[in-house]
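Visitor: I'd like a close look at one part of this model, the largest pocket. Could you walk me around its lining and then out into whatever surrounds it?

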Amino acid sequence: MKIEVQTILDHEDIKNKIRRIAYQIYESNVDEKEIILAGIALNGYVIAERLKAILEEVSALQCTLCKVTMNKTAPQGTVETSLNASEYKDKSLVLIDDVLNSGTTLIYGVKHFLDVPLKQFKTAVLVNRNHKKYPVKADFKGISLSTSLNERVKVRFKPGKDSAILE
């Protein structure tokens, strides 16, 4: 049986969605001097890097990147960050991933950051699917997609050929 693949976002679409998310992040942090962009490895971190470049181009915000790593199949107790808690304490933080699917990855990422007092905490995803297992939502999203449970969304970052596909 051949799997049907459908492109839902092409390179230009992804570029535009990330730019729009950057402006939304800026609007919700207009009074801040610094913001932490915490990207869930691997693709969430790529998006965080791109958001940082746009935010620094369009605003005076100082953006600090934080790489969030975890075992995505069994995330409980596996979340690690490239910054120490003292580096993001009492700051505005955005947790970023490529696809919000069941919510498992995002909820464990959120849980990790809740141990430290934050000034503001938001989430951002490129693709928001409507099949959540956990009560987590994306504050900033590129696109919302209604899919069947057996379909998968994959985001691929390749120079000049970024894409989000549904298979």
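Guide: Sure. Counting the residues that line the largest pocket gives 18, and those nearest its centre are Lys 72, Val 99, Asn 101, Ser 102 and Thr 105. Bear in mind that this is a predicted model. The space inside the largest pocket comes to about 430 Å³. As for the make-up of the lining, seven residues are charged, six are polar and five are nonpolar.

Now for where those residues come from. Strand 5 (92–100), helix 4 and strand 8 are the elements that each give two or more residues to the lining. Strand 5 gives the most, with four residues.

Let's stay with helix 4 for a bit. Helix 4 runs over residues 104–113, with Thr 104 in it. Seven of its ten residues are buried, so helix 4 is largely enclosed by the rest of the structure. The buried ones are Thr 104, Thr 105, Leu 106, Tyr 108, Gly 109, Val 110 and Phe 113. You've met Thr 105 already, as one of the residues nearest the pocket centre. What do the buried residues of helix 4 pack against? Quite a list: strand 2 (34–40), strand 3 (62–69), strand 4 (80–81), helix 3 (85–88), strand 5 and strand 6 (120–129). So strand 5 turns up again here, as a packing partner of helix 4 as well as a contributor to the pocket lining.

Thr 104 is worth a stop of its own. Its relative accessibility is 13%, and because buried means under 20%, Thr 104 counts as buried. Leaving aside residues up to four places away in sequence, Thr 104 touches Pro 75, Lys 133 and Tyr 134.

The other lining element, strand 8, takes us into a sheet. Three strands make up this open, antiparallel sheet, in the order 1-9-8. Strand 1 (6–9) and strand 8 (153–156) are at the edges with a single partner strand each, so one side of each has no neighbour in the sheet. From one strand to the next, the twist averages 35°. Over on the strand 1 side, three antiparallel bridges pair strand 1 with strand 9 (residues 163–166), and Thr 7 sits opposite Ile 165 in strand 9. Helix 1 (residues 11–28) packs on this sheet, where it touches strand 1 and strand 9, and its direction makes about 30° with that of strand 1.

Definitions and conventions. Residues are numbered from 1 along each chain as its sequence is written. This is a predicted model: local features need pLDDT of at least 70, side-chain atom pairs count only at pLDDT 80 or more; totals for chains, interfaces and linings use all residues. Side-chain values use heavy atoms; hydrogens and water are left out. Buried means under 20% relative accessible area, exposed over 50%, partly exposed in between (1.4 Å probe, protein chains only). Contact means heavy atoms within 4.5 Å. Two strands pair if DSSP finds at least two bridges between them. Axes are lines fitted to C-alpha atoms, for helices over the stretch in contact, and angles run from 0 to 180 degrees between N-to-C directions. On a 1 Å grid over the protein atoms alone, a cavity is a set of points where a 1.4 Å probe fits but cannot get out, and a pocket is an open set with protein on both sides within 12 Å along at least five of seven lines; lining residues have an atom within 4 Å of a point. Grid points are joined across faces, edges and corners, and a volume is the space filled by probe spheres set on the points. Ala, Val, Leu, Ile, Met, Phe, Trp, Tyr, Cys and Pro count as nonpolar, Asp, Glu, Lys and Arg as charged, and the others, Gly among them, as polar.
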